[in-house]
Amino acid sequence: MSVLLTTLLVGSGILLGRMIARSPDKKAPPEPGAASPKPAEPAKPAAKAAPNLDALPCQLGDVVLRSATSEEAWLAGAIVLFEGAEPAAVLFVSPEAGGDRAVLARPSQGELLWLAEAKGGLVALGEPPTALEVGSDRFERRRRLPLRAERIGTGAPDVGTDVIFAEYTGLGDDALVVFAAKDRVFAWRGPVLSSGAYDVLPGRREEI
């Protein structure tokens with residue numbers, strides 16, 4: 001009996017050894033001289049798409065020429081104001097025009113606002129008021145929108161990412177626009193230009 005039991009134990013041991021040898025080893029060490037597997041590179045974030053401004057009467061890089069005065073503004077940078085996913089208005093800036101020239105354009109509208117920065121604490125922090133006094137001129141607010149702002153190009157001031165955009169009208173064609181954020185306020189003032197009061201010269205877009 002002891003010989004038979006010994007034979008059975010030896011046979012079981014051989015069978016168990018073969019089963020272990022056939023099972024896959026999930027953590028088998030690499031063979032000597034084999035190259036180590038290269039770690040996977042982290043995925044690169046997708047490039048942010050530039051906002052579509054095709055519906056505007058002018059584009060970043062254009063030169064806007066005011067017919068009445070022969071003044072020109074090269075649109076080097078801009079603040080794009082979004083209402084949802086679509087641009088609601090764009091404030092272009094021209095650093096070559098004295099450092100404070102700006103042009104406001106809206107999608108599918110031919111008129112532009114020909115603006116210069118209004119300095120001197122014109123508007124306090126917080127909510128833009130319903131009316132403003134600038135010297136002896138009074139401006140009434142006609143539009144107020146909470147918008148998301150995005151800077152593109154070069155030279156546009158940092159107004160933050162969430163702003164209150166307020167637009168005012170004065171006498172004649174005089175206009176005033178205000179960008180109010182939590183800790184800063186910017187204001188620009190100037191005349192409204194109809195589609196026949198200016199020319200747009202495309203150019204130098206590749207430098208933006």
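Helices, of at least four residues, and strands, of at least two, are taken here as DSSP runs numbered from the N terminus. On that basis, the protein chain of this predicted model contains one helix and 12 strands. The helix comes at the start of the sequence pattern, which reads α-β-β-β-β-β-β-β-β-β-β-β-β. Two regions are described below: strand β10 with its partners, and an open sheet of three strands.

**Overall chain**

- The protein chain has 208 residues, of which 34% are buried.
- Among contacts in the protein chain with a separation of 6 or more, 56% link residues 24 or more positions apart.
- The accessible surface of the protein chain amounts to about 12900 Å², and carbon and sulfur atoms contribute 56% of this area.

**Strand β10 and its burial**

- Strand β10 spans residues 174-180, and because seven of its seven residues are buried, the strand is largely enclosed by the rest of the structure; buried here means under 20% relative accessible area.
- The side chains of β10 divide between two directions: D174, L176, V178 and A180 point one way, while A175, V177 and F179 point the other way.
- Burial applies to both of these groups, including D174 on one side and F179 on the other.

**Partners of β10**

- Strand β9 (residues 162-169) pairs with β10 in the antiparallel sense through six bridges.
- Within this pairing, A166 lies opposite V178 of β10, and V178 is among the buried residues of that strand.
- The β9-β10 connection is a hairpin with four residues between the strands. In its turn, G172 adopts a positive phi of about 65 degrees.
- On the sequence's other side, β10 pairs with strand β11 (residues 185-193), again in the antiparallel sense, over seven bridges.
- A175 of β10 is placed opposite G190 in β11, and A175 is itself buried.
- A hairpin of four residues leads from β10 to β11.

**The open sheet β2-β1-β12**

- Strands β2, β1 and β12 form an open sheet in that order, with antiparallel pairing.
- Its edge strands are β2 (72-74) and β12 (198-201), each of which pairs on one side only.
- Neighbouring strands of this sheet are turned by 15 degrees against each other on average, direction ignored.
- Strand β1 (residues 63-66) is joined to β2 by three bridges in the antiparallel sense.
- V63 has W74 in β2 as its bridge partner.

Methods
Residues numbered from 1 in each chain as written. Predicted model: local features only at pLDDT ≥ 70, side-chain atom pairs only at ≥ 80, totals over all residues. Heavy atoms only, no water. Buried < 20%, exposed > 50% of the residue type's maximum accessible area, 1.4 Å probe, protein only. Pairing = 2+ DSSP bridges. Contact = heavy atoms within 4.5 Å. Areas by Shrake-Rupley, 256 points an atom, 1.4 Å probe, with all protein chains shown as cover. Axes fitted to C-alpha atoms, helices over the stretch in contact; angles between N-to-C directions.
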